[in-house]
Amino acid sequence: MKSPPHHHFASFFKEQKDLQPFAYAVSRQLAQGSVCLDLKEKPSADELFEGFQEDPMDLDLQEAVEKLAQSDLVYKQTPENGEGKINLPFALAGNNFYITRYYNYETQIIEGIKSLISKGQEERQGRLRKLKESSQFEKLIAGRETSKEVGTDWQLLAAAMAFLNNFSIITGGPGTGKTTTVAKILSLLYEENPDLDVKLAAPTGKAAMRMKEALKDNAQVPEDFRESIAALEPFTLHRLLGPKYQSPYFRHDAKNKLQADVIIVDEASMIDVALFAKLISAVKEDTRLIVLGDQNQLASVEAGSLLGDLCNSVKDRNRYSAEVLRDLKELLPFYELQENRDESELLQDHITELQFSYRFQKHPEIGRLSKAIIINNEKELGSFYEKTYSSKEIEIDPEYDQKLLHEFIEGFSEYIEEKDIAEAIRKLNKLRILAVIRRGQQGVEGLNEKAEKHLNRKGLLTTGKTFYKNRPVMVTKNHPDLNLFNGDVGIVRPAEDDPEKMKLWFLDEKGEAKSYPPGLLTDVETVFAMTIHKSQGSEFDSVFMVMPKTEELALLTRELLYTGITRAKQNLKIQGTIEVLKTAAKAMVKRASGVRDRI
Ligand SMILES: Nc1ncnc2c1ncn2[C@@H]1O[C@H](COP(=O)(O)OP(=O)(O)OP(=O)(O)O)[C@@H](O)[C@H]1O
């Protein structure tokens, strides 16, 4: 298949015959989510340059790579010439071939992390002393989880490590307590400095808001700091960095750094390399940067799977370097912590993996299914597919029974019948239909249509007009001026003063309903159903997930299935054939990047 944008890009290098096919291939890989072209796996030339020309490529790949390395447009990274910022169009680092911009993003990320780590190390002994004297830390120790099923309280360890260091990643599945850990970290930091400048951020407005709300409602937030924590303002990463009109650059960058003592970034699996590079370049080295996310979730739509790559750069997580282990043993003598013997792992003391899901404790079947998906445990998955046991939480329907879908759709009556608008939006957000694709019967569009028709038939909706009463709508663009963001969900209801005039209603930061004239928001879509991609960063009590009927989809991956399943907090129904589910569980997203090798 011809791919004009990649041919167009490669045509800039048509004078360089040895380079041109690689330019084509790296552009194609970028579009598929990789940061670079991985030459290590030695695919055949035909596979690598698929679509570049109609005739098969008559070319020895090894020779071609050697010639590529000779090109004067390609920077060769060697131990001698280092990893500085470069300005040739391409870079070759080991087996990875990059468009330079992406090579530079990785360099910025690695250098940014290194500088935070090294500044944190200078402070560590002083911070260690403070932690030993901290009454808040004493309280965390006293209240630590001691149950057998939880084992080591990694939340406590994560809080200590985030206090001691300037760069921390906290990863874990749904309900493992990432937000709770943030509350613990903030209690330690506020105790030390009541005027602490904290920035809460996430890639989407919705996710940022969700973190704020989860923090506000979290029972573990100590009383003394509840007010400060509840008052924190959530930012999208874009708003935090300060967008410039019609420019890919931000107001805050390496020359104009962000003013903050602590920056907490949630839903980091959704951040692509470009945005993370821009963020980290704008973080002062004495700021604490705390990154939260679930590394098993879908990666960003743009290039890279950065959180996963950073996490996977440490083989045995929750182990520590000898030096840090000594400190931790002094601090937490009751734990038998392990030493990490791989001294070359830069992030060994900077990643904590939370392992126990408080949410799945209450809903073990969704937990069991999601864990089985992560490692593609075929036997375990089989017990779900073949219904060898009866489940209250999960139902898999390979027959696509319309009755099941209709029953679920009738659940929307709760928000439709709710008089209070804010409450209606909250009720709408308790359930969602999730789809893999947009078009067709099993796609978002077909499912939205089915929901509208069924609710119409039941007399719950009258769907003639575009903005019919109770239409559930999702914003598909960021409107920072209106404080509405891509993915925000609201409903159509009459204006307060005119029952004939329809308005779009969304929840504001205080959880109150706020109205907007439809003319102001032309980019909204109906949202009984949404794609799994869009659902990232949201959770629902009940999810109805519809798989496409064909297995031939590149989109169908383990990460997608896992993300969809873990959006459900209490109930999950899946319509899909066993073949499609098996195909998805087997297919892991492969995105080439150099971060793991370079860090
Ligand atoms: N140490 C703990 N003790 C008791 N309950 C806890 C603890 N940690 C978390 N929880 C409970 O588990 C639930 C999920 O916690 P939290 O929101 O912190 O997890 P999360 O990893 O941020 O979740 P999500 O993936 O939903 O964002 C909350 O109800 C919280 O109160």
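A search of the whole structure finds zero disulfides. The model is a predicted one. Two cysteines show how the search comes out this way. The sulfur of C36 has its closest cysteine sulfur in C311, and the gap is 18 Å, too far for a bond. Seen from the other side, C311 has its closest cysteine sulfur in C36, again 18 Å away and too far for a bond. A disulfide would need the two sulfur atoms within 2.5 Å. Both cysteines sit under cover. C36 is buried, at 1% relative accessibility. C311 is buried as well, with a relative accessible area of 0%.

Salt bridges are another matter. The search of the whole structure finds 21 of them. One of them joins the side chains of R124 and E323, at 3.6 Å from N to O. This pair links distant parts of the chain. R124 belongs to helix α5, which covers residues 100-133. E323 belongs to helix α14, residues 322-331. The two residues are 199 apart in sequence. Their surroundings can be told apart by accessibility. R124 has a relative accessible area of 6%, so it counts as buried. E323 has 46%, so it is partly exposed.

Next comes the pair of E539 and R359. Their closest N and O atoms are 2.5 Å apart, and they form a salt bridge. E539 lies in the loop between α22 (532-535) and β21 (540-546), while R359 lies in helix α15 (residues 358-362). The pair therefore ties together parts that are 180 residues apart in sequence. Are these two residues buried or exposed? Both E539 and R359 are buried. The bridge also belongs to a wider arrangement. R210, E267, R359 and E539 are linked in a network of salt bridges.

A further bridge joins R239 to E233. Here the closest N and O atoms are 2.9 Å apart. R239 is partly exposed, at 27% relative accessibility. E233 is partly exposed too, at 37%.

Now turn to charge on the surface. Which residues gather in a patch of negative charge there? They are E395, E399, D401 and E407. E395 can be placed within the fold. It lies in strand β13, which covers residues 394-397. Its relative accessible area is 31%, so E395 counts as partly exposed. A patch residue must have over 30% relative accessible area and no salt bridge. At 31%, E395 meets the area condition.

Contacts across the sequence can also be followed through C-alpha positions. Start with V150. It is found in the loop between α6 (135-142) and α7 (154-164). Although it lies in a loop, V150 is buried, with a relative accessible area of 15%. How far apart are V150 and L354 in sequence and in space? They are 204 residues apart along the chain, and their C-alpha atoms are 10.0 Å apart.

A451 gives a second example. This residue is in helix α21. Its relative accessibility is 0%, so A451 counts as buried. H406 is its partner here. A451 and H406 are 45 residues apart in sequence, and 7.7 Å separates their C-alpha atoms.

The last stop is the backbone. Most residues other than glycine have a negative phi. Two asparagines depart from that sign. The phi of N376 is near 45°, a positive value in a residue other than glycine. N376 lies in the loop between α16 (364-374) and α17 (378-385). With a relative accessible area of 14%, N376 is buried.

N470 also has a positive phi, of about 75°, although it is not a glycine. Where is N470 found? Its place is the loop between α21 (444-457) and β15 (472-475). At 5% relative accessibility, N470 counts as buried.

Note on methods:
Residues are numbered from 1 along each chain as its sequence is written. This is a predicted model: local features need pLDDT of at least 70, side-chain atom pairs count only at pLDDT 80 or more; totals for chains, interfaces and linings use all residues. Side-chain values use heavy atoms; hydrogens and water are left out. Patches are made of residues with over 30% relative accessible area and no salt bridge: like charges are joined within 9 Å, nonpolar side chains (Val, Leu, Ile, Met, Phe, Trp, Tyr) within 5 Å. Accessible areas come from the Shrake-Rupley method with a 1.4 Å probe; for residues, only the protein chains shown count as cover. A salt bridge is a side-chain nitrogen of Lys or Arg within 4 Å of a carboxyl oxygen of Asp or Glu. Lys and Arg count as positive and Asp and Glu as negative; His and the chain ends are not counted. The place of a charge is taken as NZ of Lys, CZ of Arg, CG of Asp or CD of Glu. Helices (H or I, at least four residues) and strands (E, at least two) are DSSP runs, numbered from the N terminus. Buried means under 20% relative accessible area, exposed over 50%, partly exposed in between (1.4 Å probe, protein chains only).
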